[in-house]
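Please work through the exercises below with the sequence and the model at hand. Each task is followed by a solution in steps.

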Amino acid sequence: MDCLVLQGGRPLSGSVEVSGAKNAALPLMAATLLAPGEHVITRVPRLADTQTMVRVLEALGAKIHWDATTMRIDTSTCSSVEAPYDLVKTMRASVYVLGPLLARFGRARVSLPGGCAWGPRPVDLHLKSMEALGATIEIDEGYIVATAPPAVGATQGSSLRGTRFTFPISSVGATGNLLMAAVLARGISVVENAAIEPEITQLAEYLVVMGANIEGIGTTRLEIEGVDTLSPARVEVIPDRIEAATYLVGGAITLGDVTITRCQPGHLAASLGALEAMGSKITINGLAITLQSGGRPRAADIATAVYPGFATDMQAQMMALAAIADGVSVITDTIYHDRFSHAPELARMGADIRVVDNVATVHGRTRLKGAPVMATDLRASAALVLAGLAAEGETVVSRIYHLDRGYENLAAKLATLGARVERRPE
Ligand code: EPZ
């Protein structure tokens, strides 16, 4: 197990390129199950999570070649419908194979994901949406067993049929699963309160390239007319808006000047708005964004929301920034009410944060002090790294395997921005 050693107090400056988005690559990889044959996906980030999805697809029988920038996934050899516990327990997003397996084979056996570092993360909406399409769902030995057998004599396909489904709350993952099942279902499905995160929009667009009929992409109301078959295709993963915003916070928290390139500025508008509210100067130039620090950040209130609102995946990083801001910031997470495991670790560095239910009140301090801290989940660990870059002295962030799940080459990219950072065995 490795840790990250940071010497803080140096402004970040320079330019860094954004990688492909983890949360777009994962559903795109799962969608390849829908159309037997070779799919080509470019700009898949090299992360622990994308590696896990490779192993899930290989466990289902896919053949995968992944060179520097291009992943070739051949799903013509898929025959198994089981996504094993050993893999699913390491990555909840493995549940994305549920819809495609059910649609292609009429059955799926996918381990229940279980909880995560900050509490229960149910999949009831994934299951309800499959039932709405006509599947039978059982839980057996910790596995979701979904069946919608195809007509007698058919070897592939399913008896899924179009439906009307309204999500009681917006869910990225469940929208993705319903989309991937409905595109091969018989008849028309109408989905209300669908998630519109850019990663879901890219998934829907890829399904259309494969031959699906989907109306309303990018809106909360989707109309999907099922087709009999889909064809393999090619897609480039969109830039990672959360990685992009994380590096910009790095510029703000170190009072630096950072440019990120090859991103989609529109995808992180809410984060840019929050950074401007906290005193940074933001300049957008095509697919590049520059943040120039305006000196010590100002305090600001932030409430997370579904896209295009402020992303919960940026909440921890902004809390680190608020920890050195001038004034009191109130940070509310409306998506995950208990996503605050980074707060006590930031307090070890001298931050003054009080959490009550899903609200954190952050009294900004002029300086944080380096300390040994422990990563607990992906975004919490990013917040600790950012705080370490701003803090006086040395910070050691342990358990950085959490970071490896979602940030490609983090230490190297930070070093190109002038950070004093070193990866060491713990
Ligand atoms: C996706 O998770 C992202 N993961 C998460 O990013 C992100 O935090 C989340 O969306 C919200 O934006 C991936 O894309 C792989 P949801 P997902 O279903 O799909 C509740 C990161 O850091 N809910 O939109 O699991 C749920 O508990 C990760 O990269 C149900 O109640 O999130 C939450 O409160 C962490 N029942 C809310 O909905 C369900 O069946 C939103 O969850 C499903 C969700």
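The exercises concern a predicted model, and they begin with the ligand.

**Exercise 1. The ligand and its surroundings**

Task: Determine how many residues surround the ligand, which are the closest, and how the shell divides by residue character.

Solution.

Step 1. The shell around the ligand consists of 22 residues. Asp124, Ser171, Val172, Asp313 and Ile335 are the closest.

Step 2. By character, the shell holds 10 nonpolar, 6 polar and 6 charged residues.

Step 3. The polar atoms are taken next. Arg121 places a polar side-chain atom 2.9 Å from an oxygen atom of the ligand. From the backbone, a polar atom of Val172 is 2.7 Å from a ligand oxygen, and an N or O backbone atom of Gly173 is 2.8 Å from an oxygen of the ligand. The ligand on its own has 830 Å² of accessible area, of which the protein covers 86%.

**Exercise 2. Helices that contribute to the shell**

Task: State which helices each supply at least two residues of the shell around the ligand, and describe the helix with the largest share.

Solution.

Step 1. The helices that each supply at least two shell residues include α1 (22-31), α5 (124-132), α6 (172-182) and α12 (378-390).

Step 2. Helix α5 gives the largest share, with 3 residues.

Step 3. Leu125, His126, Leu127, Ser129 and Met130 are buried in α5. Their cover includes α4 (98-105), β8 (136-140), β9 (143-147), β10 (164-166) and α6.

Step 4. Just after α5, the chain reaches Gly134, which has a positive phi of about 105°.

**Exercise 3. Helix α12 and the loop before it**

Task: Locate Asp377 and Ser381, decide whether each is buried or exposed, and find the polar contacts of their side chains.

Solution.

Step 1. Asp377 belongs to the loop between β22 (372-374) and α12, whereas Ser381 is part of helix α12 itself.

Step 2. Residues under 20% relative accessible area count as buried. Asp377 is therefore buried, at 5% relative accessibility, and Ser381 is buried at 0%.

Step 3. The side chain of Asp377 reaches the backbone nitrogen of Arg379 at 3.3 Å. A polar side-chain atom of Ser381 lies 2.6 Å from the backbone oxygen of Leu378.

Step 4. Beyond four places in sequence, Ser381 touches Ala375, His402 and Leu403. The C-alpha atom of Asp377 is 9.2 Å from that of Arg405, a residue 28 places away along the chain.

**Exercise 4. Two loop residues**

Task: Find where Gly406 and Ser280 lie, whether they are buried or exposed, and which residues they contact.

Solution.

Step 1. Gly406 is in the loop between α13 (401-404) and α14 (410-416). Ser280 is in the loop between α9 (269-277) and β16 (281-285).

Step 2. Gly406 counts as buried because its relative accessibility is 4%. Ser280 also counts as buried, at 9%.

Step 3. Neighbours within four places in sequence are left aside. Gly406 is then in contact with Lys22, Leu47, Asp240 and Leu378, and Ser280 touches Ala252, Leu275, Leu291, Gln292 and Gly294.

Step 4. Leu291, one of the residues touched by Ser280, serves as a reference point for Gly406. The C-alpha atoms of Gly406 and Leu291 are 22 Å apart, with their positions 115 residues apart along the chain.

**Exercise 5. An enclosed helix**

Task: Explain why helix α10 is described as largely enclosed by the rest of the structure.

Solution.

Step 1. The buried residues of α10 are Gln315, Ala316, Gln317, Met318, Met319, Ala320, Leu321 and Ala322.

Step 2. Helix α10 covers residues 315-322, and 8 of its 8 residues are buried, so the helix is largely enclosed by the rest of the structure.

**Exercise 6. The aromatic pair**

Task: Classify the geometry of the pair formed by the rings of Phe165 and Phe167.

Solution.

Step 1. There is 1 aromatic pair in the structure. The ring centres of Phe165 and Phe167 lie 4.9 Å apart, and the ring planes stand at 75°.

Step 2. Planes over 60 degrees apart count as edge-to-face. The pair is therefore edge-to-face, given its 75° angle.

Step 3. Phe165 is buried, with 10% relative accessible area, and Phe167 is buried with 2%.

How values were computed: Residues are numbered from 1 along each chain as its sequence is written. This is a predicted model: local features need pLDDT of at least 70, side-chain atom pairs count only at pLDDT 80 or more; totals for chains, interfaces and linings use all residues. Side-chain values use heavy atoms; hydrogens and water are left out. A residue is near a molecule or strand if one of its heavy atoms lies within 4 Å of it. A polar contact is a pair of N or O atoms within 3.5 Å; within protein, one must be able to donate a hydrogen and the other to accept it, and residues adjacent in sequence count only if both atoms are side-chain atoms. Accessible areas come from the Shrake-Rupley method with a 1.4 Å probe; for residues, only the protein chains shown count as cover. Helices (H or I, at least four residues) and strands (E, at least two) are DSSP runs, numbered from the N terminus. Ala, Val, Leu, Ile, Met, Phe, Trp, Tyr, Cys and Pro count as nonpolar, Asp, Glu, Lys and Arg as charged, and the others, Gly among them, as polar. Buried means under 20% relative accessible area, exposed over 50%, partly exposed in between (1.4 Å probe, protein chains only). Contact means heavy atoms within 4.5 Å. Rings of Phe, Tyr and Trp (its six-membered ring) pair if their centres lie within 6.5 Å; planes under 30 degrees apart count as stacked, over 60 as edge-to-face and the rest as tilted.
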